[in-house]
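Let's take a walk through this structure together, one piece at a time. Have the sequence and the 3D view ready, and we'll start with some strands before moving on to the ligand.

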Amino acid sequence: MSYISEIDPEIANALSLEAQRQDFKLNLIASENYTSRAVMEAQGSIMTNKYAEGYSGKRYYGGCEFVDMAENLAISRAKEIFGAEHVNVQPHSGSGANMAVYFSVLNLGDKIMSMDLSHGGHLSHGSHVSFSGQLYNIVPYGVSQETEMLDYNELMEIAKKEMPQMIVVGASAYSRIIDFKAFREIADEVGAYLLADVAHIAGLIAAGVHPNPFPYADFVTTTTHKTLRGPRGGMVMCKEEYAKAINKSVFPGIQGGPLMHIIAAKAVAFKEALSDSFKKDQEQTVKNAKALCAALQDREFDIVSDGTDNHLMLINLNKYDLTGKDAEVIMSKAGIVINKNTIPFETRGPFITSGLRAGTPACTTRGMKESAMEEIADFFKTIIDNRENDAVLETVNADVQELCSRFPIYEHLG
Ligand code: PLP
C-alpha cells in the first residue's frame, strides 16, 4: 500500500479501514468470500495495462502474446473444473454472462421461464427492473408453498402450458440441491434451451459437493467471486455447438476489451479450485452451513425449507415481528454482516423483507469449523432476544471480534 499512501492518502485510508472491517466483522453474506493473496496479486497486476479485444490468437491489437497465455490457462482450467466443452472467461459480471447467453440464441420478446426473485431467483433472470425483464417475456416459477423447495412436477406443468424458449435454473437464495437432470427433461419436453446459472454454487460444484449442470445444461453461467473464491467477474460455459454464438455475443455483442488482469486472476483462482485444500474448504462450507442451520433451529429460529444442502440458509423472521431490514441493522450493531432477504411467499417489499440470508463461504475460508457455528448461533439468539438493548449488542460485538481474531483471514488461506 506504500504507493497508494503516498499518492492518495484518502483512498489508502479507505483501504485500511476496509481491511480492519474484514478482519474483525463476522461475514455471513452468502455471496461473498475472501480471495487468496495470489488472486489479488494477479488482479492488481500489470495486465491491467493491456487492450486485447477479440480472442486468444485473433486479437484486434498487437502485443497480446502473454495475455493470450493467461486467457488460455483460464479457459483450460475452467474446462477441467466443470467438464465444459467451451468456455468464455471474458464477461465482466454474472449479469453480463446471463445477458450474453440470452442475446446468443433468443429473439427479443421470447419467453424465458425462470425463478421469481422473491423465491430466490436473481435480478438478471427476469426482474422487471432488469434488462432481462424488460426485453423478454418472463414466466416465473417458485418453490412449493408446502415444502418451500422446487417441485419438478409443477415446473413441468408450467413449462408445458407456457412453452418457453429458454428455462433458467439457478438462484441467489435457494438452499437445496438443484436437480439439473429433471430440468433437462422439462426443457426437452417443450424444446427449450436450458441455462444453469450456478453463480452461488460454482465452488461447491468444482469440489464435487453439488451436482454438475453438465451434461444437462446447454449453457452454464457463473460469477467467479462467490463460493468459487476468485476475482469479481463472470464466465459463460456451453456446449460446443453454441461456442461461436456465445463468443460473438460477449465480444463484440455486449463488451469491448476484456479485463486481462481479471482474467489472469480467474486463471489463478481456477488453479486453486483444482487443489485438495479448496475441495476440503468447500466440503467444510457445507458442513458449516448444516451445523449453523441445526444450531439455529435448536435455538428456535425458523429456517425456510427446514434446512440446507448447500452454503446458505434463509431465516424466516415472521415470528419475531421483525423485518429483515431491521434485523440486518441489529446484527450489524453486534458486528455481524448479513443481508436482509425476501422469503418465499413474501408479503413485504425487497427493501424491507421478512428474512435474513446467512452463508458460510467467508467464515469457512478463514478456517472456522462446526464449533464456531455453535458460537455464532448463540450470538444470533442473544442478539434477537436483546434487540433493543444496545449494551448487550455491544457485548456481542466484542465476542464477535474475539471470534474473528481467532481466525485471521490469511492464516488459513495463505
Ligand atoms: N446470478 C446469480 C444467481 C447471482 O446470485 C448473482 C449475484 O448475486 C448474479 C447472477 C449476478 O452477478 P453480478 O453481481 O456479477 O452481476
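Start with strand β11 (residues 302-303), which pairs with β12 in the antiparallel sense over 2 bridges. Keep in mind as you look that this is a predicted model. To find your place in that pairing, look for D302, which sits opposite N316 in β12.

Now stay with β12 and look for another partner. Strand β15 (residues 355-359) is joined to β12 by 5 bridges, and these two run antiparallel. Here you can use L312 as a marker, since L312 stands opposite G359 in β15. How much of β12 is buried? Of the 5 residues in this strand (residues 312-316), 4 are buried, so β12 is largely enclosed by the rest of the structure.

Next, hop over to K226. You'll find K226 in the loop between β9 (219-223) and β10 (234-238). An unreviewed UniProt entry places the feature "modified residue: N6-(pyridoxal phosphate)lysine" at K226. Is K226 buried or exposed? K226 has 27 other C-beta atoms within 10 Å, and a residue counts as buried at 20 or more, so K226 is buried. Leaving aside residues up to four places away in sequence, K226 touches S31, N33, A199, H200, A202, G203 and P361.

That brings us to the ligand. It is surrounded by 14 residues, and the closest are S93, G94, S95, S172 and A199. You've met A199 already, among the residues that K226 touches. What classes of residue make up the shell around the ligand? The shell has 11 polar residues, 2 nonpolar and 1 charged.

Definitions and conventions:
Residues are numbered from 1 along each chain as its sequence is written. This is a predicted model: local features need pLDDT of at least 70, side-chain atom pairs count only at pLDDT 80 or more; totals for chains, interfaces and linings use all residues. A residue is near a molecule or strand if its C-beta atom, placed from the backbone, lies within 6 Å of it. Ala, Val, Leu, Ile, Met, Phe, Trp, Tyr, Cys and Pro count as nonpolar, Asp, Glu, Lys and Arg as charged, and the others, Gly among them, as polar. UniProt positions are given in the numbering used here, feature names are shortened, and annotations may be inferred rather than shown by experiment. A residue is buried if 20 or more other C-beta atoms lie within 10 Å of its own, exposed if 12 or fewer, and partly exposed in between; C-beta atoms are placed from the backbone. Two residues are in contact if their C-beta atoms, placed from the backbone, lie within 7 Å. Two strands pair if DSSP finds at least two bridges between them.
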